[in-house]
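Trainee: I would like to learn how to read a structure feature by feature. Can we work through one together?

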Amino acid sequence: MPSVVGRSDIVLQRPNSDPKEAMPLGNGRLGLGVWSQDGYTAQVNREDTWPLRLSPGQVSIPGLKKLIEATDYSGRLNLYNGEFEEHGAGITATTYVDEAEDVMVVEVKGADANQPQTAELKLWAGRSPTVTASDQLGVIAETWRDTNEMGASGLTFGSLSAMRVDGREVHASLDGSLAVKITFRPKSDGTFRVLVAAPEWRGGDALGTASAILNKALLLTPEDHREWWHSFWASAALLKLSSPDHHAEYFENLRMIDLFTTAAESRDRFPGSQAGVGDLFSSFGDNHHWGPSAYWHWNLRMQVSANLGAGLAQFNEPYFNLYNDNMDAIAHWTREHMNGLPGICVPETMRFNGAGYETEAWLKAEGINCTAYGQPYYNARTISTGAEIAFWVWQQYLYTDDLSFLESHYPLMRNAAQFLLAYAHRDSDGRLYTYPSNAHESNWDVRNPTTDVAAMHALFPVLIQAAATLGREDETVEAVKKALSYLPDFPLVMSGENKLLSKSEHNRSGAVIANSYYPDAIAHNEENIGLEPVWPYSLIGDDGPLHSIGVNTYMHRPNKSAADWSADPVQAARLGLGYEMKSALEAITERYQLYPSGLAQLYGPPEFYVEQVGVVADALQNGLVQDYDGLVRILPAWPRDWDADGTVVVRHGQRIHLQIRQGKIITFGVEAVKAADMKIRNPWPGQAVVMASNDGTTTLVTPNADGILVCKLQAGHSYQLSPEREHGSNLQHAAVSGTVSSSPKILGTRTIGLSPK
């Protein structure tokens, strides 16, 4: 396990002296960006310093210049331990964020015991903190009210950072109005620790709060936080990949970074990321390109999906909290801005308090989401967001079997469906239609955008299933049942044309799904709305009556790898297009993965975007194993020149273990968490399959007429599946191991890590 995770460690062969080269760390609540400017610099970040996500401060330790200037310098982001390690000139500096307390720790060994040292904690111009120094402790605290933006909550928020040093002759003092400085000497053995606390803060006794936290942190050891990280990796479904051109290894590394950053930013009340940006890892002061008070749903969904396949469904809780906790506020927003309609229209871009405003400092106009009033705008009338969130609620339940989760989130599903039905009208043929409605950001105020059509087709059936599971029956469920008979068809056009096909023409060869029933509408963003039925809505896959239309839509999509959030690789995998998945992964990585941390840049000023690694993770999992409709598909879109040893989690938390060599299944195992009948598309067409249990029993499973295996699983058992002809022929089963990375990885012009200049 450690060596497999360690294959993806980020290796620095020179100091990361630029803030853009910062390494990410975090405990899910408190995050860091760490780089070697001025010897050592780290920025402390939190998700809850609303509305501007102001940083609690930056830490510098200039005495570590000797380390970073050493000719034998080396650095490593150790993913397995959750630590950033630096070595040079006989000095070691290890940085981590404690698991139990919101405290960052820098442990230094090999320092000159007699050399005086300093550590500084500071803010910058524009901030108005209270700065306090008391003996060995320095504190910077500030509070403010959320009153200036549209939709402001009126609540008080703040930031607190406090520093102390575990060393000798420690003395804290003020360093102007924005900083504190601690002077000290290392311990006699050449070691010292710098500890910086940054808890949630809304005012109070700053010095007392800081002192209590840091006193606890002094008693902790690295083993405390390492134990959490080791347990995390043991629970995650890992992939070890290889290919002749080493591209597979590169994407393995990006996926591992996605798992790491997920754990490092997604354990607070709400998601650590907004607008696809990993704000908890910022190294750029208080600068944010996108209004940091609002979340962009489009830029969260790939992370939700990736977490399910990786066996990390618990890290989706902040995403669901964001919408479930704000249910009353969203319902109020809907009544006020959507002509009093019932249910919830979830704003695509939504403040942390449920208000549908998008506030960017560089925009002259305020963006208002989910509103029936005013001029057309990017998400003014994007009305399908609530339906998609509700659809993810059902997927989360199917993967976890958490009935209490479904009970608490069922109102969100029902209310989203209630609004969608209330907003829709009936045309002359009795079919539902929505107008005016946005095809997300691409087309404004059109008729039946594909996002709405897909939302109805996906949400209505699962709401009925959820209601049956919980034993619920109400007017909304009854209305949804009736609506199934008059759902609208997807808008189809011939590729390259803008004329909507009639119902009788839907079977024409070469038809593609348009953005809406107004296929000639002006495009305002580079999205592929016609592929939304493929993913996230799981209405079109690698077989079925709409498969060829889905493939045509993909091959003729208007925007190819047009953003770091592009779902092209995931949608290619869902359609069974392995080569296209691989090609799209390469394209978005070459175009957008800019930073040595493996994170991306969309555009605008420097920021660390985490959405691209989420896309990579989800695509790899979908290429290897899929279970979006109750049928497990093995290798539905896996490149033949990629070898794999890995695990993907499917519904009910069942784990599929695979070893693939040159396109052939070497090992196929199932680890059953729950007793269930698992339907598997036979990966050995035409052959019966032997299912050998770890209790020594074997069962011959014969595929049905559709080539489907129905495997009866017992909870707590593991099974190995093999074709009947090869059973007992000493199938290969290689132990999975790895070699910890020793150099940066390269993909074309992109790197993970830093090579010497």
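Trainee: How many cavities of 30 Å³ or more does the structure hold?

Mentor: First, the ground rules. This is a predicted model, where local features need pLDDT of at least 70, side-chain atom pairs count only at pLDDT 80 or more, and totals for chains, interfaces and linings use all residues. Residues are numbered from 1 along each chain as its sequence is written, and side-chain values use heavy atoms, with hydrogens and water left out. A cavity is a set of points, on a 1 Å grid over the protein atoms alone, where a 1.4 Å probe fits but cannot get out; lining residues have an atom within 4 Å of a point. Grid points are joined across faces, edges and corners, and a volume is the space filled by probe spheres set on the points. Here there are 7 cavities of 30 Å³ or more. The largest has about 210 Å³ of space.

Trainee: Which residues lie nearest the centre of the largest cavity?

Mentor: Ser305, Tyr399, Arg574, Asn622 and Tyr628, out of 21 lining residues. Helices (H or I, at least four residues) and strands (E, at least two) are DSSP runs, numbered from the N terminus. Helix 9 (385-400) is among the elements that supply at least two lining residues. Helix 9 gives the largest share, 4 residues.

Trainee: Where is His297, and is His297 buried or exposed?

Mentor: Buried means under 20% relative accessible area, exposed over 50%, partly exposed in between (1.4 Å probe, protein chains only). His297 sits in the loop between strand 18 (294-296) and helix 6 (301-309). His297 counts as buried because its relative accessibility is 0%. Contact means heavy atoms within 4.5 Å. Not counting residues up to four places away in sequence, His297 touches seven listed partners, including Tyr323, Glu348 and Trp392.

Trainee: Which residues touch the most other members of the largest nonpolar core?

Mentor: A nonpolar core is a set of buried Ala, Val, Leu, Ile, Met, Phe, Trp, Tyr and Cys residues joined through side-chain atoms within 4.5 Å. The largest has 221 residues, and Trp233, Tyr323, Phe460, Ile656, Phe668 and Leu721 touch the most other members. Helix 11 (residues 450-470) gives the most to this core, 13 residues. Another core, of 16 residues, lies apart from it.

Trainee: In what order do the 4 strands of the open sheet run?

Mentor: Strands of a sheet pair through backbone hydrogen bonds, either parallel or antiparallel. Two strands pair if DSSP finds at least two bridges between them. The order here is 28-29-33-36, with mixed pairing. Strand 28 and strand 36 (708-713) are at the edges with a single partner strand each, so one side of each has no neighbour in the sheet. Strand 29 (residues 631-634) and strand 33 (residues 676-681) pair in the parallel sense over 2 bridges. Leu631 stands opposite Lys679 in strand 33.

Note on methods: On a 1 Å grid over the protein atoms alone, a cavity is a set of points where a 1.4 Å probe fits but cannot get out, and a pocket is an open set with protein on both sides within 12 Å along at least five of seven lines; lining residues have an atom within 4 Å of a point.
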